[in-house]
Number of protein chains: 2
Amino acid sequence: MPRDEIRVTYRIETSGDPEALAGKIASDQSTGTFTELPGETAAVRARCAARVVGIEPLEPLNVPSIPDPTGHGPYRRADATVAFPLEAVGTDIAALLTICVNGAYSVRGLTGLRVMDIDLPPAWACHPGPQFGIDGSRRLMGVAEGLIIASIIKPSLGLLPEETAEAVRVLCEAGVDFIKDDEKLMSPGYSPLAERIAAVMPVIHEHEQRTGKRVMYAWGISSADPDTLMRNHDLVLDAGGNAAVVNINSIGHGGMSFLRRRSALCLHAHRNGWDLLTRHPGLGMEFRPYQKIWRLLGVDQFQINGIRAKYWEPDESFVRSFRDCMTPIFSPADRPLPVVCSGQWGGQAWDTYARTGRTLDLMYLGGGGIHGHPMGPAAGVAAIRQAWQAAAQDIPAEVMAKEHPELAASLRKFGGPGGSPS
Amino acid sequence: MPRDEIRVTYRIETSGDPEALAGKIASDQSTGTFTELPGETAAVRARCAARVVGIEPLEPLNVPSIPDPTGHGPYRRADATVAFPLEAVGTDIAALLTICVNGAYSVRGLTGLRVMDIDLPPAWACHPGPQFGIDGSRRLMGVAEGLIIASIIKPSLGLLPEETAEAVRVLCEAGVDFIKDDEKLMSPGYSPLAERIAAVMPVIHEHEQRTGKRVMYAWGISSADPDTLMRNHDLVLDAGGNAAVVNINSIGHGGMSFLRRRSALCLHAHRNGWDLLTRHPGLGMEFRPYQKIWRLLGVDQFQINGIRAKYWEPDESFVRSFRDCMTPIFSPADRPLPVVCSGQWGGQAWDTYARTGRTLDLMYLGGGGIHGHPMGPAAGVAAIRQAWQAAAQDIPAEVMAKEHPELAASLRKFGGPGGSPS
């Protein structure tokens with residue numbers, strides 16, 4: 001790919017001609033308007049005109065992605081790649097999104113448009129990327145290798161600070177490496193962040209002094225106001241904390257950029273709202289381009305659901321997301337730690353291990369699977385460790401469970417390794 | 001509505017029971033997880049549990065909004081209103097979005113979900129809202145009453161700073177009240193913002209000295225980095241400028257919040273990317289709740305397309321958007337100036353005037369309709385003024401055109417009053 005171009009691949013769907021529509025996107029999103037203008041000279045076009053550089057036809061659809069009550073199919077589809085001159089876009093993420101992504105959704109005559117990928121030239125390596133990523137996360141947690149086991153405070157909302165502190169004490173004793181606030185918990189009236197920190201940090205420090213183990217706690221610092229976001233960041237840092245949960249879509253690109261440039265915390269991204277962007281296969285955006293943008297902005301740990309998640313996402317989509325996160329954009333250091341989560345209790349270890357490249361470079365997050373274990377949270381953590389140990393050694397679940405009562409109890413409560421807790 | 005609640009109305013679509021799914025959203029988005037937990041006590045639920053307070057069944061669909069290859073219809077629908085305790089959410093926009101909007105899109109078993117409205121209690125009046133709005137915009141432009149006529153620099157991209165300055169000179173002389181950078185123009189290599197300002201501001205100042213008319217120019221200051229955004233803001237302010245184009249979705253809530261709290265400029269919002277949120281009628285979000293959030297964050301002028309826009313948006317959607325903008329959230333001062341745009345050339349004046357409440361409290365933005373007028377840009381502006389004068393006096397287009405050659409030329413080139421330039 002030329003070094004002076006940005007290339008975007010769109011999946012275009014229309015009752016008309018996908019190639020013509022690709023050309024219209026290239027024109028509208030660079031130098032064109034609805035009528036010919038004297039100022040659109042050859043020099044202007046040479047400087048800024050986008051152009052279609054590839055078309056790959058796909059099977060047409062009978063049912064359009066967006067209802068088309070006055071039209072009819074077949075709805076023809078193609079993956080069209082458009083090259084935008086770097087000179088016209090620059091390296092600002094707001095310019096990339098406005099020029100290369102957002103405007104395309106407004107074009108008349110589409111019944112579907114999905115951004116499949118964005119290829120960025122080396123000039124885009126100017127963005128900060130993760131401050132900690134995989135290696136830094138491991139260093140801060142003191143887990144040099146192997147699986148990282150995480151949990152989340154439950155119930156999601158409603159606990160008073162001292163109740164949260166008690167839940168943290170239980171999870172620390174259960175043996176997790178990482179605990180997080182639920183993404184929905186930030187700084188509500190009944191549990192202001194400062195009071196929650198004051199209640200919880202002594203539990204973490206005390207556990208560290210007693211055991212030598214420093215559990216990473218990710219605090220819900222999100223605010224749509226970057227000044228508040230930074231005040232929250234500073235509260236965590238001043239109390240000796242080292243991580244935060246960031247609701248990336250809710251704070252937006254500006255909030256994330258502002259935070260990253262000032263942050264001393266490991267930033268654990270929750271992508272709530274992403275489902276709207278991606279759930280309809282003919283609309284929105286693949287996870288691949290989406291995660292590139294947020295990685296460049298500085299995400300250290302990325303929640304990406306898991307096998308048999310409790311949400312809508314199919315397993316194949318999770319597997320692709322995992323591989324996307326593991327693929328360097330410009331260097332291996334820009335890879336975030338993938339956080340496998342949602343309805344996880346250990347039974348998915350075999351499939352996860354097999355389908356994500358037999359790696360243990362991941363954080364495995366159990367919520368209800370740990371809190372709800374019939375023998376208690378420590379048994380929940382033990383069951384997860386047993387499941388992953390068995391998966392990595394190709395030992396079937398039933399065999400492992402015979403000598404490990406915690407895993408056996410999980411299997412009974414949450415279903416076999418093919419079961420789902422949803 | 002109780003003062004201690006936030007109410008969100010979702011249009012739910014499912015092959016199952018919409019009411020049950022509404023209950024699941026209320027539970028998942030407050031205190032629930034996938035398994036029963038000892039900590040979810042009555043006290044916790046009283047503090048934070050959301051509840052369904054209204055269900056209005058709608059006609060079922062045969063074709064699901066999101067493909068459902070292994071299932072079958074009918075796909076039942078309902079508008080469900082869920083009340084969230086203010087105590088659980090607070091007044092932060094990131095919390096509102098994460099708890100009340102984003103999570104709902106991830107629920108399993110939906111074939112469609114659209115956020116129809118968000119009702120906010122008086123505590124939410126803490127947000128700054130527009131700094132200028134309708135009255136402030138009029139004051140800065142020196143247009144105390146009547147239609148505000150605007151244009152945009154074309155071609156969108158590719159002009160050098162001195163070429164932009166020449167386009168501005170032409171538009172000033174043509175008699176517009178407002179000019180803007182295309183939303184895709186921010187600070188690219190061939191036209192850095194500082195150089196563009198240095199070339200253009202003398203033209204605006206000179207025009208003001210000669211005619212007494214201060215044309216408002218909105219500069220493309222957007223950046224995903226709030227520090228750069230503020231540097232751009234300051235460049236404009238230091239040069240005597242008074243307005244900016246802001247790509248709200250590209251800078252995100254954090255960028256907009258940061259800017260508003262420090263801004264001395266009138267903020268003209270471009271909503272590129274919104275189409276993805278709203279184009280499929282069964283998914284995403286209505287404009288109504290969307291614009292409330294951005295108004296609270298401080299949008300002064302809101303681009304909302306127009307009748308017979310060149311984009312996909314149907315006229316009825318534009319009319320609803322106009323009314324949404326004109327409806328106070330907490331006070332009339334939180335209303336932005338509606339900017340009617342996209343393929344506008346004057347021919348839509350009659351329908352626009354009739355369908356938006358016979359008001360002239362709007363900015364009417366012509367791009368190609370002014371630049372591409374066969375008698376030149378001044379005639380393009382004159383034709384728009386003639387069209388709106390006729391519309392306000394109930395004079396048909398053909399009658400007005402008989403004595404107004406500029407309007408007559410527009411009608412010939414761009415189509416009759418029912419015509420569309422697309």
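**View 1. Where chain B meets chain A in this predicted model.** Here 89 residues of chain B touch 89 residues of chain A. Put together, the two chains bury about 7200 Å² between them, with 62% of that on carbon and sulfur atoms.

**View 2. Polar and charged pairs across the interface of chain B and chain A.** Salt bridges between the two chains come to 4. One to look at joins A:Arg261 to B:Asp225, where the closest N and O atoms sit 3.7 Å apart. Add to the picture 40 residue pairs in polar contact across this interface, both partners at pLDDT 80 or more. Helix H9 of chain B (residues 248-262) supplies the largest share of the side that touches chain A, namely 11 residues. Sorted by class, that side of chain B holds 36 nonpolar, 35 polar and 18 charged residues.

**View 3. The axis relating the two copies.** Chain B drops onto chain A with an RMSD of 0.0 Å after a turn of 180° and a shift of 0.0 Å along the axis. That's why we can call it a two-fold axis. In chain B, the C-alpha nearest the axis belongs to B:Gly252, 2.0 Å from it. Both copies use the same surface, as 100% of the contact residues of chain B recur in chain A.

**View 4. Helix H17 of chain A and what covers it.** Along H17(A), residues 405-414, the buried residues are A:Leu407, A:Ala408, A:Ala409, A:Ser410, A:Leu411 and A:Phe414. Their cover includes helices H13 (349-355), H14 (368-371), H15 (377-392) and H16 (397-402) of chain A. Just after H17(A) comes A:Gly415, with a positive phi near 105°.

Note on methods: Residues numbered from 1 in each chain as written. Chains lettered and ligands numbered in written order. Predicted model: local features only at pLDDT ≥ 70, side-chain atom pairs only at ≥ 80, totals over all residues. Heavy atoms only, no water. Buried < 20%, exposed > 50% of the residue type's maximum accessible area, 1.4 Å probe, protein only. Helix = DSSP H or I, 4+ residues; strand = E, 2+ residues; numbered from the N terminus. Contact = heavy atoms within 4.5 Å. Least-squares fit on C-alpha atoms with pLDDT ≥ 70 in both. Buried area = accessible area lost by both parts, 1.4 Å probe. Salt bridge = Lys/Arg side-chain N within 4 Å of Asp/Glu carboxyl O. Polar contact = N/O pair within 3.5 Å; in protein donor to acceptor, adjacent residues only side chain to side chain. Nonpolar A, V, L, I, M, F, W, Y, C, P; charged D, E, K, R; others polar.
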